[in-house]
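Student: I'd like a close look at one part of this model. Start with the overall count, then take me through that part and its surroundings.

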Amino acid sequence: MRKLLITGLLAGGLLPAIANADITVNLPADSGIDSMKVYHAPILKLATAKTRADRGMVEETIPISDNKAIIAIDSIEGGSRYSLVFSETDFITLYVTPEETITANVVSFSPFDYTLAGSALIEGINEVDAISEPFEKRQQQLMASGQPSQEQMMGIYNDYLNALKEYIDENITSPNSLYAVMNLQGEDFITAFDRLSERAKSSILYPLAEAQYAGEKESLEKERRQQEMASGDIMAPDFILKDLEGKDVSLAQFKGKWVILDFWGSWCIWCIKGFPELKEAYEKYKDELVIVGIDCNESEEAWKAGVAKYELPWVNVYCPQGNPLLEQFGIQGFPTKAIIDPEGKIRNITTGHNPEFFTILSNLIGK
């Protein structure tokens with residue numbers, strides 16, 4: 001379950017900046033850490049950025065003396081997001097306004113645990129975060145008891161969502177409701193966002209919530225389009241992409257066989273986790289099935305190195321940045337696999353590493 005520790009949700013408009021506003025970081029006595037990376041950027045830029053360069057991100061190395069560090073808060077209208085990074089897995093993300101003085105106390109690094117103080121609304125944020133705690137414990141207990149099913153885990157997650165939505169209903173006029181709403185997804189998020197009060201919209205997080213709203217709308221539209229495309233009546237969009245030798249490969253040339261289009265990248269952990277099962281399917285159905293690996297969102301060099309590293313035996317092509325193919329298939333996550341029948345019609349589109357995909361494939365091929 002996603003957690004996001006936030007400070008600086010304002011009940012009204014922005015207040016005048018106060019000098020010496022800062023974040024004080026206290027570490028355990030045995031931390032052994034003498035510096036940390038700090039990344040900060042204006043919230044308004046993060047909400048509207050189209051590229052990384054648009055985010056206005058600033059990177060600093062902050063010294064730690066006697067297990068304590070002081071970080072000055074930017075005097076930026078609309079507030080800033082700060083990420084305090086101690087290692088790849090240990091970091092704190094918080095949102096602050098220029099008038100605040102925040103304290104971050106790192107309780108331990110194994111496991112990583114910390115508390116935040118300095119804003120009257122932190123208690124409200126902690127109240128929202130506390131909703132997930134009993135459900136996380138239930139998941140941990142279930143995992144400790146054996147190999148839980150996906151249905152069992154999703155049952156607990158759905159219970160959490162219901163508790164979160166109940167909290168939103170009871171606190172719909174509170175600024176805390178915006179934070180709670182941002183922990184929802186899809187239709188749940190859209191419905192709750194549309195009910196937000198003007199008081200909730202005064203939060204410095206509102207621009208990020210608006211950006212999330214646009215993203216959720218786009219995602220739902222892509223899901224709708226994918227479901228429509230996978231009806232069995234829609235011809236798959238044809239394409240021409242280059243293979244490892246620089247030769248043109250088109251989808252049309254495989255008509256008459258079943259085809260799996262595997263949209264992946266060597267940067268994608270779940271893409272890689274799915275390769276063993278995909279290789280099994282390739283061996284099982286290779287007389288009637290073609291697999292086309294479509295590499296996305298990385299350099300050609302990284303693509304070729306990934307194909308070699310993971311020994312991918314099927315057709316491999318490269319999809320350059322800006323190619324319309326991802327939009328045509330409504331790709332919104334990786335891996336995404338599409339099954340095309342011998343007539344060239346789309347029969348299934350599956351996003352994520354889902355073992356059920358191979359059951360669907362077997363049922364479609366009839367073996």
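Student: How many helices and how many strands are there in the protein chain? Then the close look: in what order do the strands of the seven-stranded open sheet lie?

Tutor: The model is predicted. Its protein chain has 13 helices and 15 strands. Along the principal axes, the C-alpha atoms fill a box of roughly 70 × 45 × 45 Å. The chain has 367 residues, and 47% of them are buried. Take the contacts with a separation of 6 or more: 67% of these join residues 24 or more positions apart.

Now the sheet. Its order is β10-β9-β13-β12-β11-β14-β15. The sheet is open, and its pairing is mixed. Strands β10 (248–250) and β15 (346–351) stand at the edges. Each has a single partner strand, so one side of each has no neighbour in the sheet. From one strand to the next, the twist averages 30 degrees.

Look at one pair inside that order. Strand β11 covers residues 258–264, and strand β12 covers residues 289–295. The two run parallel and are joined by seven bridges. Asp-262 stands opposite Gly-293 of β12.

A helix packs on this sheet: α13, residues 356–365. Helix α13 touches β11, β12, β14 (336–340) and β15. The direction of α13 makes about 5 degrees with that of β14.

Next, empty space. Rolling a probe the size of a water molecule over the atoms shows where such space is left. Searching the whole structure gives two cavities of 30 Å³ or more. The largest cavity has a volume of about 60 Å³. Its lining includes Lys-337, Thr-350, Phe-357 and Phe-358. Lys-337 falls within the range of β14, 336–340, and Phe-357 and Phe-358 within that of α13, 356–365. Thr-350 falls within the range of β15, 346–351. The rest of the lining is Gly-274, Glu-277, Pro-335, Gly-352, His-353, Asn-354 and Pro-355. By type, the lining divides into four nonpolar, five polar and two charged residues.

For a second sheet, turn to the order β4-β1-β7-β8. This one is an open sheet of four strands, again with mixed pairing. Its edge strands are β4 (68–72) and β8 (112–117), each pairing on one side only. The twist here averages 20 degrees from one strand to the next. Strand β7 (residues 102–109) pairs with β8 in the antiparallel sense, over six bridges. Phe-109 has Phe-112 of β8 as its bridge partner.

Some helices round out the picture. In α6 (residues 186–193), the buried residues include Phe-189, Ile-190 and Phe-193. Gly-186 and Ala-192 are buried too. The buried residues of α6 pack against α5 (176–181) and α8 (206–229).

Ser-177 sits in helix α5. Its relative accessibility is 0%, so Ser-177 counts as buried. Leaving aside neighbours within four places in sequence, Ser-177 is in contact with Asn-171, Ile-172, Leu-196 and Ala-200.

Set Ala-53 beside that. Ala-53 lies in the loop between α1 (43–48) and β3 (58–63). At 71% relative accessibility, Ala-53 counts as exposed because the cut-off is over 50%. Ala-53 and Ser-35 are 18 residues apart along the chain, and their C-alpha atoms are separated by 26 Å.

Methods. Residues are numbered from 1 along each chain as its sequence is written. This is a predicted model: local features need pLDDT of at least 70, side-chain atom pairs count only at pLDDT 80 or more; totals for chains, interfaces and linings use all residues. Side-chain values use heavy atoms; hydrogens and water are left out. On a 1 Å grid over the protein atoms alone, a cavity is a set of points where a 1.4 Å probe fits but cannot get out, and a pocket is an open set with protein on both sides within 12 Å along at least five of seven lines; lining residues have an atom within 4 Å of a point. Grid points are joined across faces, edges and corners, and a volume is the space filled by probe spheres set on the points. Ala, Val, Leu, Ile, Met, Phe, Trp, Tyr, Cys and Pro count as nonpolar, Asp, Glu, Lys and Arg as charged, and the others, Gly among them, as polar. Two strands pair if DSSP finds at least two bridges between them. Axes are lines fitted to C-alpha atoms, for helices over the stretch in contact, and angles run from 0 to 180 degrees between N-to-C directions. Contact means heavy atoms within 4.5 Å. Buried means under 20% relative accessible area, exposed over 50%, partly exposed in between (1.4 Å probe, protein chains only).
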